[in-house]
Amino acid sequence: MEDGVIKQIGENLIVPGGVKTIDAHGRMLMPGGIDVHTRFQMPDRGMVSADDFYQGTRAALAGGTTMIIDHVVPEPGVSLMSAFDQWREWADSKSCCDYSLHVDITEWHKGIQEDMEALVKDHGVNSFLVYLAYKDVFQLTDSQVYEVFSVIRDLGAIAQVHAENGDIVAEEQLKMLEQGITGPEGHVLSRPEEVEAEAVNRSVTVANQTNCPLYITKVMSKSAADVIAQARKKGTVVYGEPITASLGTDGSHYWSKNWAKAAAFVTSPPLSPDPTTPDYLSSLLSCGDLQVTGSAHCPFNTSQRAVGKDDFSLIPEGVNGTEERMSLIWDKCVVTGKMDENQFVAVTSTNAAKIFNLYPRKGRIAVGSDADLVLWDPDVTKIISAKSHNSTVEYNIFEGTEVRGGPLVVISQGKIVLEEGNLHTTEGSGRYVARKPFPDYVYKRIKARSRLAELRGVPRGLYDGPVCEVSVTPKTMTPASSAKTSPAKQAAQPVRNLHQSGFSLSGAQADDNIPRRNTQRIVAPPGGRANITTLG
């Protein structure tokens, strides 16, 4: 390795003097991990998530991850370009490993489309995320999602979706709070599993109609994963991203008597209360139905979470997981015999590099690839704890979990950043990695389908027969029901008392005030015009 790049691979290499050599006997050398989903230094109502780009990337490196892809989240009213520039400024000054950026679409109008084009052409962005959740904040309508997907496809980017039905969640949150359920358990009760699965299914439908590649972030439940697996079997170009949390723990902790502990698990979609979910998702990851893994690392301190101590819907969302991701997956999938070490490299690094057009610079050990490497010890064991992790938060959602397998040496940009348990990181040394559009791994199928899918009308003569005249009644618009504009219960219609007789001795009837209908001539009697005597 030289100048941050792999120069030679093989046996009996000619090594120049003064070069450090590392004994890897009995260990595995693999490409550094790529965490496809982080939210470091994430702003939320004037607060900022506990780990900034320095602390977050330092934790990632400690776990064997040498590149992260973070999410830019523009506040409504802020342009994509200025939000992107802000994230670049934060990350360039603090990140200690290479990084790239997804950009989230938090509203939709013409100016957003122009920004998307500029980000793809000039700034190396090839993925955008839309929200089907967070009503009245980030949520887009189905028709807006259709338009966004069409733009994304034309730009050669990847459509990411935060999949939950925001309308149902908003109603369920009100219902929980009305019933006096204000703690973290209200978070998961107001976001049942099928709300996630429904939104995944809707995303797949829109992606199919627009011929746009789809990527579901944060796959948290069995039913959502099943929808992705079924869609892939039917040929949809869709990828699923379970996260460290959904592979390593479950949602039973929302009912903990310790409010701070329960609140530490709050993220959306929520962790499933079904304790068999992590094993199920790790099986789907192992067989290829789910393809990549992120951490969605965005923890908040207990004092920040306490903003929602009396209302679960105000608890800032996000969990830890960037440091624990690779060891947890090794423990859950490789140690159990569900996948081999090559599949492990695929789901922690290579698949992400291919989907986001970073391959073969990242995700591969080859001459010319970046010198981002991990020397992995399959036998080392560790108990995860907040006391020893590199994040700044007091709680670790995997507290007490014993994992087998971990990094002994981590090399980033050709420099040793982890050795003998000690981190040697440099703030601001991380480089922004631009990504080109139209990754072959994704778009070869999309392009083939667009050639096949050209629809043509049926050539036929003009109809010149009679045309019936119709009068079009304009539809009266009622204001859309939302928590802000309408009461929870609509006024009930008056109900007619069926026991009250409509008969009167005077001959007057209850329905005398309703104008009589004109008599109608029956053109075709029931059963049609045919008569039994005319048959035969």
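The residues that line the second largest pocket divide into 18 nonpolar, five polar and five charged. That pocket is a good place to start a walk through this predicted model.

**Pockets**

The second largest pocket holds about 900 Å³ of space. Its lining has 28 residues, and those closest to its centre are Met1, Gln8, Leu13, Val19 and Lys20. Three elements give two or more residues to this lining: E11, strand E12 (402-412) and strand E13 (415-419). E11 supplies the largest share, three residues.

Now to the largest pocket, with about 1100 Å³ of space. Its lining counts 40 residues, and Tyr134, Val137, Phe138, Ser313 and Glu317 lie nearest its centre. Strand E3 (43-44), strand E7 (127-131), helix H5 (166-178) and E9 are the elements that each give two or more residues to it. H5 brings the largest share of this lining, six residues. By class, 21 of the lining residues are nonpolar, nine are polar and 10 are charged.

**Cavities**

The structure also holds three cavities of 30 Å³ or more. In the largest cavity, Ala264, Phe300, Arg305, Val393 and Tyr395 are the residues nearest the centre, out of 14 that line it. Helix H10 (259-264) and helix H12 (302-305) are the elements that give two or more residues to this lining.

The second largest cavity is lined by residues that include Pro31, Gly32, Gly33, Ile34, Asp370 and Asp372. Strand E2 (33-38) and strand E5 (65-72) each give two or more residues to its lining.

Here are the two cavities and two pockets next to each other:

| Space | Volume | Nonpolar lining residues | Polar lining residues | Charged lining residues |
|---|---|---|---|---|
| Largest pocket | about 1100 Å³ | 21 residues | nine residues | 10 residues |
| Second largest pocket | about 900 Å³ | 18 residues | five residues | five residues |
| Largest cavity | about 90 Å³ | eight residues | four residues | two residues |
| Second largest cavity | about 50 Å³ | three residues | four residues | five residues |

**The sheets around them**

Several of the strands named above belong to two open sheets. One has five strands in the order E1-E11-E12-E13-E14, with antiparallel pairing. Its edges are strand E1 (28-31) and strand E14 (422-423), each of which pairs on one side only. E1 joins strand E11 (residues 373-383) in the antiparallel sense over four bridges. In that pair, methionine 28 has tryptophan 376 of E11 as its bridge partner. Helix H14 (residues 341-355) packs on this sheet and touches E1 and E11, with its direction at about 30° to that of E1.

The other sheet has seven strands, in the order E2-E5-E6-E7-E8-E9-E10, and its pairing is parallel. E2 and strand E10 (238-242) are the edge strands, each pairing on one side only. Neighbouring strands here are turned by 25° against each other on average, direction ignored. E5 pairs with strand E6 (residues 98-105) in the parallel sense over six bridges. Histidine 71 stands opposite histidine 102 in E6. Helix H8 (residues 222-233) lies across strand E9 (214-219) and E10, and runs at about 155° to E10.

**The chain as a whole**

Stepping back, the chain has 15 helices and 14 strands. Of its 536 residues, 49% are buried. Among contacts between residues at least 6 apart in sequence, 79% join residues at least 24 apart.

Notes:
Residues are numbered from 1 along each chain as its sequence is written. This is a predicted model: local features need pLDDT of at least 70, side-chain atom pairs count only at pLDDT 80 or more; totals for chains, interfaces and linings use all residues. Side-chain values use heavy atoms; hydrogens and water are left out. Two strands pair if DSSP finds at least two bridges between them. Contact means heavy atoms within 4.5 Å. Axes are lines fitted to C-alpha atoms, for helices over the stretch in contact, and angles run from 0 to 180 degrees between N-to-C directions. On a 1 Å grid over the protein atoms alone, a cavity is a set of points where a 1.4 Å probe fits but cannot get out, and a pocket is an open set with protein on both sides within 12 Å along at least five of seven lines; lining residues have an atom within 4 Å of a point. Grid points are joined across faces, edges and corners, and a volume is the space filled by probe spheres set on the points. Ala, Val, Leu, Ile, Met, Phe, Trp, Tyr, Cys and Pro count as nonpolar, Asp, Glu, Lys and Arg as charged, and the others, Gly among them, as polar. Buried means under 20% relative accessible area, exposed over 50%, partly exposed in between (1.4 Å probe, protein chains only).
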